[in-house]
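Me: Please take a close look at the salt bridges in this model, and say which side chains pair and how exposed the partners are.

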Amino acid sequence: MATTATLATAAATSTATTSEKKKPVFVKVESLKPGTHGHNLTVKVVESNTVKATGGGSRGGRVSASLNSRSPPRISECLIGDETGCILFTARNEQVDLMKPGATVILRNAKIDMFKGSMRLAVDKWGRVEVTEPADIAVNDQNNLSLVEYELVNVDE
């Protein structure tokens, strides 16, 4: 009987410690590396360019009625940055409306996608894009991380 009570209190203390939320750790643009995720950043939008929407009709040769009824996704490539550097951000659908040039945004749980050998920052359904109070951020456009080309190299042992 005592072991059941001990297990119950141990379970109660473990749930109490896991329910406390961690404070987000904000990073600077220059610290972003390929293949990483879970980044929180406060950045300024320098420019936003809408990418031509591709038809969402057929995928891999298969045509589905449910895919044809959807409107094509809206995609915009936005140059964002802070005082340490800048990077291209791929805004999708409702994120496009938030990424206006001059706006200060908070990106939560952002990830690095690789596109044609260069880094792009993106926020998927598990992250969040929030417009915040305008901040006085002087964007360092001399350090554009999206202009660095990466190549995957396999190392033979």
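What follows is a connected account of several of these pairs.

Reply: The model is a predicted one, and a search across the whole structure finds seven salt bridges. One of them pairs E83 with K28, where the closest N and O atoms lie 2.5 Å apart. This pair links distant parts of the chain, since E83 sits in the loop between β4 (75-82) and β5 (85-92), K28 sits in the loop between α1 (2-18) and β1 (37-51), and 55 residues separate the two. As for exposure, E83 has a relative accessibility of 41% and therefore counts as partly exposed, and K28, at 39%, likewise counts as partly exposed.

Another salt bridge brings together the side chains of D113 and K111, with an N to O distance of 3.7 Å; this falls inside the 4 Å limit that defines such a contact. D113 counts as partly exposed because its relative accessibility is 25%, and K111 is partly exposed too, with a relative accessible area of 27%.

A further salt bridge is formed by R128 and E130, whose closest N and O atoms are 3.4 Å apart. This contact belongs to a wider arrangement, in which salt bridges that share partners join R108, R128 and E130 into one network. Within that network, E130 has a relative accessible area of 23% and is partly exposed, a value that lies above the 20% under which a residue would be called buried.

Methods. Residues numbered from 1 in each chain as written. Predicted model: local features only at pLDDT ≥ 70, side-chain atom pairs only at ≥ 80, totals over all residues. Heavy atoms only, no water. Helix = DSSP H or I, 4+ residues; strand = E, 2+ residues; numbered from the N terminus. Buried < 20%, exposed > 50% of the residue type's maximum accessible area, 1.4 Å probe, protein only.
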